[in-house]
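Before reading on, please take a moment to turn the structure around and follow the chain from one end to the other. The paragraphs below go from the whole fold to one of its helices.

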Amino acid sequence: MITRKRWRRRLAPPRRLHCDHADGGDHAQGGFRLEERPDPVAGPGTVVVRVRAAGLNAADLQQARGDYPAPPGWPADVPGLEVAGEVEQVGPGVTGVAAGDRVMALVGGGGHAERITVPADLLLPVPDGLSWEEAAGFPEAFSTAWDALVTQAGVRAGDRVLVTGAAGGVGTAMVQVAAVSGAHVVASVRRAELHPRVRGLAEDGRVDVVTLDQEAAHAPYDVVVELVGGEDCLQRVALLRSRGTVLVVGVQAGTTAPLRMFDLMLKRARLIGTTIRGRSPAEKAVLAASVRTSVVPLLAQGRLRVPVDAMFPLGQFAEAYARLGGLGKFGKVVLVP
């Protein structure tokens, strides 16, 4: 990477990253540019991480459009929610972390940079043998999956779980977390050429892969994970078993959907909307601790894996964002030095 460069959104003056949508263009085609910034300094309770790889997420595109602002305390004009790299500086009051440690983290923004300041209580260790690219694709997807399925929905062995949009970064994590919890997964994937790869995310017989029109044939479900959105998405309430749960995690196909409330009432169902980005620092630290103790060991044991769809060098960030906004992805899109 070029020394001391980050990505910013350019609002008016030069030296800020411009989002094409401000001029009516297509943000997905690379409406970002690099600019120099001062190197960060580790303050109390924080460390500076030299970024070796950074994951891309739909939230980065939403932030660029102005639809999903960064939470307080994080850069409003620098995208990037997940990073992997080496600790370079350790701030006052930080224990259990040393310079040179391999770490990864889910952050509130600012990850698409050469260096980033991260609260130490958000750090996760990178298991031995895991590549930087895989590590960069882990924190957001698997934190989201673990929190939604295990913490909120209480998925358990024997449950039937429908995951929509199951070939993406979060989708592949949802499939694996549900399967490793003992559930039977029905993964809904539009593109037939991706079905074998999604099926291969778990041991034989644990995952069925279907297209949209085949979801009802595999009902009823104890949990429906909605990663796509769109005006018809809440019709899946009808596919639930009594006392089932719909988890709304992603809405890329549209943010508004009608719901027949009698369907929800008759199923005695729960409808849960969830996101991590807007939570308080204390809540995020609790989630990181849970992922550190319960999910990272599964990754280290090879029971979970991070599919990487594509890797792009920093200078090709326009192509990386285009790939993120394109079709047919399997797993994560990652930026590397």
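How many helices and how many strands does the protein have? In this model, which is predicted rather than determined by experiment, the chain forms 9 helices and 15 strands.

Taken as a whole, the C-alpha atoms fit a box of roughly 55 × 45 × 35 Å along the principal axes. A compact globule of 337 residues would have a radius of gyration near 20 Å, and because the protein has 20 Å, its value agrees with that expectation. Of the contacts between residues with a separation of 6 or more, 69% join residues that are 24 or more positions apart.

Turning from the overall dimensions to the surface, the accessible area of the protein comes to about 14,400 Å², and carbon and sulfur atoms contribute 53% of that area. Buried residues, those with under 20% relative accessible area, make up 53% of the 337 residues. As for charge, the protein carries 38 positive and 35 negative charges, whose mean positions lie 2 Å apart.

One helix deserves a closer look. Helix α3 spans residues 139-152, and 11 of its 14 residues are buried, so the helix is largely enclosed by the rest of the structure. The buried residues run from Pro 139, Glu 140, Ala 141 and Phe 142 through Ser 143, Thr 144, Ala 145 and Trp 146 to Asp 147, Ala 148 and Leu 149. Just after α3, the backbone at Gly 154 adopts a positive phi of about 65 degrees.

Terms used:
Residues are numbered from 1 along each chain as its sequence is written. This is a predicted model: local features need pLDDT of at least 70, side-chain atom pairs count only at pLDDT 80 or more; totals for chains, interfaces and linings use all residues. Side-chain values use heavy atoms; hydrogens and water are left out. Buried means under 20% relative accessible area, exposed over 50%, partly exposed in between (1.4 Å probe, protein chains only). Helices (H or I, at least four residues) and strands (E, at least two) are DSSP runs, numbered from the N terminus. The radius of gyration is taken over C-alpha atoms; the globule rule is 2.2 Å times the number of residues to the power 0.38. Contact means heavy atoms within 4.5 Å. Accessible areas come from the Shrake-Rupley method with a 1.4 Å probe; for residues, only the protein chains shown count as cover. Lys and Arg count as positive and Asp and Glu as negative; His and the chain ends are not counted. The place of a charge is taken as NZ of Lys, CZ of Arg, CG of Asp or CD of Glu.
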